[in-house]
Amino acid sequence: MEKPSGISRARVSADGVEVEVEGVDLNIPELVAQVIETRRSLGPAATSTTQSAPNLGEAIARQATASTNTIASLLNASTGSDLVLAAMAHLTLVQGKDVAMRREILDEMKAARTFYKETFSSNLSSYLDNLAKAKRLNLVARDSYALPNGERQNLERLISSAS
């Protein structure tokens, strides 16, 4: 069976831990950094246990396949701003985009059917402005946004720690 275009497969090995991931448009440098950081967080005794490698692989695989709806659920999204952050997390962490356009953010929000409400579209400017003022999003250029490093790390931890 032929893989759809855009599907990638990667095997990353770091300090005795090997992880294999398959997903859409994988960001390999980011994946390597995540494996190394997660390996460091496991501590020195982790290489002697057989449980650490599968747990690490599951955490990274979850992040590589998390939908906007799943991320919104992890955030307990109850506002349009929460859904904007979930959409940005998906665009950044799953799709590997450092910068997302307003239209892409809205499309991702709409993909989270459990959480999306029509009023979110008309209030999107307000949500984006408020998140930028609160430094939870960076306004990179007109209608272009990026996650600040701190927010990105928080979202990575949230997705990786989900069971």
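Me: Helices (H or I, at least four residues) and strands (E, at least two) are DSSP runs, numbered from the N terminus. Which residue, whose phi is positive, follows helix 7?

Reply: This is a predicted model, in which local features need pLDDT of at least 70 and side-chain atom pairs count only at pLDDT 80 or more, while totals for chains, interfaces and linings use all residues. Residues are numbered from 1 along each chain as its sequence is written, and side-chain values use heavy atoms, with hydrogens and water left out. The loop between helix 7 (124-133) and strand 4 (138-141) contains the residue sought. Its phi is near 60°, and the residue that follows helix 7 is K135.

Me: Is K135 buried or exposed?

Reply: The classes rest on relative accessible area, found with a 1.4 Å probe on protein chains only: buried is under 20%, exposed is over 50%, and partly exposed lies in between. K135 has a relative accessibility of 66%, and therefore counts as exposed.

Me: Which residue in the loop between helix 3 and helix 4 has a positive phi of about 50° although it is not a glycine?

Reply: The loop runs between helix 3 (68-74) and helix 4 (80-94), and N76 lies there. N76 counts as exposed because its relative accessibility is 62%. The non-glycine residue with a positive phi of about 50° is N76.

Me: How wide an arc do the buried residues of helix 7 cover around the axis?

Reply: The buried residues of helix 7 are L124, Y127, L128 and L131. Because their arc (taken over the directions from the helix axis to the C-beta atoms) is so restricted, they lie on the same side of helix 7, and its value is only 95°.

Me: Against which elements do the buried residues of helix 7 pack?

Reply: Packing is judged here by contact, that is, heavy atoms within 4.5 Å. The buried residues of helix 7 pack against three helices and one strand, namely helix 4, helix 5, helix 6 (119-122) and strand 5 (144-146).

Me: How far apart in space are N130 and S81, C-alpha to C-alpha?

Reply: N130 belongs to helix 7. N130 is partly exposed, because its relative accessible area is 42%. In sequence N130 and S81 are separated by 49 residues, yet the C-alpha to C-alpha distance is 8.1 Å.

Me: What span should helix 8 have at 1.5 Å a residue?

Reply: The expected span of a helix is 1.5 Å times one less than its number of residues. Helix 8 (residues 149-161) has 13 residues, and its end C-alpha atoms are 18 Å apart, which agrees with the expected span of 18 Å.

Me: Which residues on the other side of helix 8 are exposed?

Reply: E151, R152, L155, E156 and I159 are buried in helix 8. These residues lie on the same side of helix 8, because they cover an arc of only 135° around the axis. On the other side, the exposed residues are N149, R157 and S161.

Me: Which residues are linked with D98 in a network of salt bridges?

Reply: A salt bridge is a side-chain nitrogen of Lys or Arg within 4 Å of a carboxyl oxygen of Asp or Glu, and the structure holds five of them. One joins E156 to R152, with the closest N and O atoms 3.4 Å apart; both residues lie in helix 8, four residues apart, about one turn of the helix. E156 counts as buried because its relative accessibility is 15%, and R152 likewise counts as buried because its value is 13%. The residues linked with D98 in the network are R152 and E156.

Me: With which residue does D107 form a salt bridge?

Reply: D107 is partly exposed, because its relative accessible area is 39%. The partner is four residues away in helix 5, about one turn of the helix. The closest N and O atoms are 3.1 Å apart, and the partner of D107 is R103.

Me: How far away from E108 is the nearest side chain of opposite charge?

Reply: E108 is in helix 5 (residues 102-111); for charge, Lys and Arg count as positive and Asp and Glu as negative, whereas His and the chain ends are not counted. K97 forms a salt bridge with E104, where the closest N and O atoms are 2.4 Å apart. E108 is buried yet has no salt bridge, and the nearest side chain of opposite charge, K97, lies at 7.4 Å.

Me: Which side chain does a polar contact of 3.1 Å join to that of E108?

Reply: A polar contact is a pair of N or O atoms within 3.5 Å; within protein, one must be able to donate a hydrogen and the other to accept it, and residues adjacent in sequence count only if both atoms are side-chain atoms. Leaving aside neighbours within four places in sequence, E108 is in contact with T68, A87, H90, L91 and Q95. The side chain joined to that of E108 by the polar contact of 3.1 Å is that of H90.
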